[in-house]
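The text below walks through a protein model, taking its open and closed spaces and then the charged pairs that join parts of its chain. Please keep the sequence and the structure in view while reading.

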Amino acid sequence: MSNDADLPFTRAEYADRLRRMRRAMADADVMVAILTAPDTMAWLTGYRVRWYRQHTSTSMPPAQCIVVHVEDGAPFIIDAGYHDELARTSTMLDDVRTLPSSSETHEASLDDYVAFLAEQIRPWAGSRVGMERWSCIPSPAVADVVDAMLGELGCRVVDVTLPFRDIRRLKSPAEIGKIEQAQAAADAGVRAILAEATPETTELEAWGIYSLGMVRAGGEPAALHETIAAGSSVSTLHRLSGRSLLGSGPVVHPDVASSVDGYHARATRPLMFGQVSEESRRQVAIAAGAYDVVRQHGLVGAPWQRLIDALRSYFAESGAPGAGSAAYELGLSVAPADFVGEFTWGLDDERDDVIEAGLVTNFESWTSLILVDTVVFEETGPRFLSALPRDVLEFA
């Protein structure tokens, strides 16, 4: 059994999460849920590992899941035999069921895993079973075998991806606290680059400087690999860091993230060597002005469409072709996932919902240069977490 001090959150918070999940299951008319998405398993129980077998040898199939009944008993985890101690000490679960054919010297086969899972599910044969179809785990090959097994038990599989993501969308104060810590660490990593990098520093070396600065400030690597890239286009933000020198491009883009216990925050600022041109200052000032629009119109209870329309008008009047903004949910994400949550919003949206307290997203605002922040929507108004200046930042 885990030491409560090692859990990211209190058992009371995990108990509340279980209640919310069971309510979502009841609303979806699901009796049993088989959780395989790493972020869902972490959110419900604290379970995180570095190997989920999402893309491995066929002799080592994904062999871990958490099973939840809509009413009866406590959730339990199924895992490899050599993960017994890990599951018991890193989660709030007391019921750990390891594969009998799995040990430190023997891997369970796909047949072993599915047969064991079938025995655990058999008491609820004929029920509706929830699975997370949009999870990258298990692989389609494994999912097909699990589906066939459930069919033989007379079960009907229901996709519960959206309802399970929805219950995680609004963050508790404790979750927001993790994101705040992650933001401070991300900011520290960017400051480390500014302080230590030179035009002869490679992108990968700058990535190492960022990572060390971020970790020393209390952060952890994010689910999606950060990148430090030199170039003229914001498209470089999706390029992996390489051996190019930071001085090879007119601007350096540190597209970074940090996490604490899997909870993510984001930050991006344009970095430059030498004297910054007035045009660069003007471009980033336009991007920064969008923050004031969010503060004015991004109020809890207000229609999202009001904020979106205000941002459209702002960028249309800015005189910067191609300028715009977009955002997506931030919070818990666990590698190998490359995204956080389900919720997104952007200038192309036409929507009829309202802004809710507890939502955390990034905020991307761009012209020819880009700013990225983390924003918490609160009853008192939107709160941006990054303390980095919203400007072109100059290397030391």
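**Salt bridges, pockets and cavities**

At 42% relative accessibility, E394 counts as partly exposed. The model is a predicted one, and E394 is a place to start because the side chain of this residue meets that of R281 in a salt bridge, with 2.8 Å from N to O. R281 is also partly exposed, with a relative accessible area of 24%. The two residues belong to distant parts of the chain: E394 sits in strand β16 (residues 393-394) and R281 in helix α9 (residues 278-297), 113 residues apart.

In total the structure holds 33 salt bridges. Side chains of opposite charge can pair when their charged atoms come close. Another of these pairs is R269 with D373, at 3.0 Å from N to O. R269 is in the loop between β9 and β10 (271-272) and D373 is in strand β14, so the pair ties together parts that lie 104 residues apart in sequence. Both partners count as buried, R269 because its relative accessible area is 1% and D373 because its relative accessibility is 0%. Salt bridges with shared partners also join R48, K178, E220 and D261 into one network.

A further salt bridge joins the side chains of E342 and R165, at 2.5 Å from N to O. This pair, too, links distant parts of the chain, with E342 in the loop between β11 and β12 (344-346), R165 in helix α6, and their positions 177 residues apart. E342 is partly exposed, at 37% relative accessibility.

R165 leads to the second largest pocket, as R165 is among the residues nearest the centre of that pocket, together with D39, W134, S135 and A337. The pocket holds about 260 Å³ of space and is lined by 17 residues. Two elements give two or more residues to the lining, α2 (38-45) and α6 (161-166), and α2 gives the most, with three. By class, the lining has eight nonpolar, four polar and five charged residues.

Helix α6 also contains T161. This residue counts as buried because its relative accessibility is 3%, under the 20% cut-off. A polar atom of the T161 side chain lies 3.1 Å from the backbone nitrogen of R133. Leaving aside residues up to four places away in sequence, T161 touches M131, E132, R133 and W134.

The largest pocket encloses about 620 Å³ of space. Its lining is made up of 28 residues, and L224, H238, D255, R266 and Y328 lie nearest the centre. Strands β8 (251-260), β9 (263-267), β11 (324-328), β13 (360-366) and β14 (370-378) each give two or more residues to this lining. The lining has 16 nonpolar, six polar and six charged residues.

The count of cavities of 30 Å³ or more comes to three. The largest has about 70 Å³ of space, and its lining includes M131, Y113, L117, V142 and V146. Helices α4 (110-121) and α5 (140-152) each give two or more residues to it. Nine of the lining residues are nonpolar, two are polar and none is charged.

The second largest cavity has about 50 Å³ of space. R48 and D261 are among the residues that line this cavity, and both also belong to the salt-bridge network described above. The lining has seven nonpolar, one polar and three charged residues.

Terms used. Residues are numbered from 1 along each chain as its sequence is written. This is a predicted model: local features need pLDDT of at least 70, side-chain atom pairs count only at pLDDT 80 or more; totals for chains, interfaces and linings use all residues. Side-chain values use heavy atoms; hydrogens and water are left out. On a 1 Å grid over the protein atoms alone, a cavity is a set of points where a 1.4 Å probe fits but cannot get out, and a pocket is an open set with protein on both sides within 12 Å along at least five of seven lines; lining residues have an atom within 4 Å of a point. Grid points are joined across faces, edges and corners, and a volume is the space filled by probe spheres set on the points. Helices (H or I, at least four residues) and strands (E, at least two) are DSSP runs, numbered from the N terminus. Ala, Val, Leu, Ile, Met, Phe, Trp, Tyr, Cys and Pro count as nonpolar, Asp, Glu, Lys and Arg as charged, and the others, Gly among them, as polar. Buried means under 20% relative accessible area, exposed over 50%, partly exposed in between (1.4 Å probe, protein chains only). A polar contact is a pair of N or O atoms within 3.5 Å; within protein, one must be able to donate a hydrogen and the other to accept it, and residues adjacent in sequence count only if both atoms are side-chain atoms. Contact means heavy atoms within 4.5 Å. A salt bridge is a side-chain nitrogen of Lys or Arg within 4 Å of a carboxyl oxygen of Asp or Glu.
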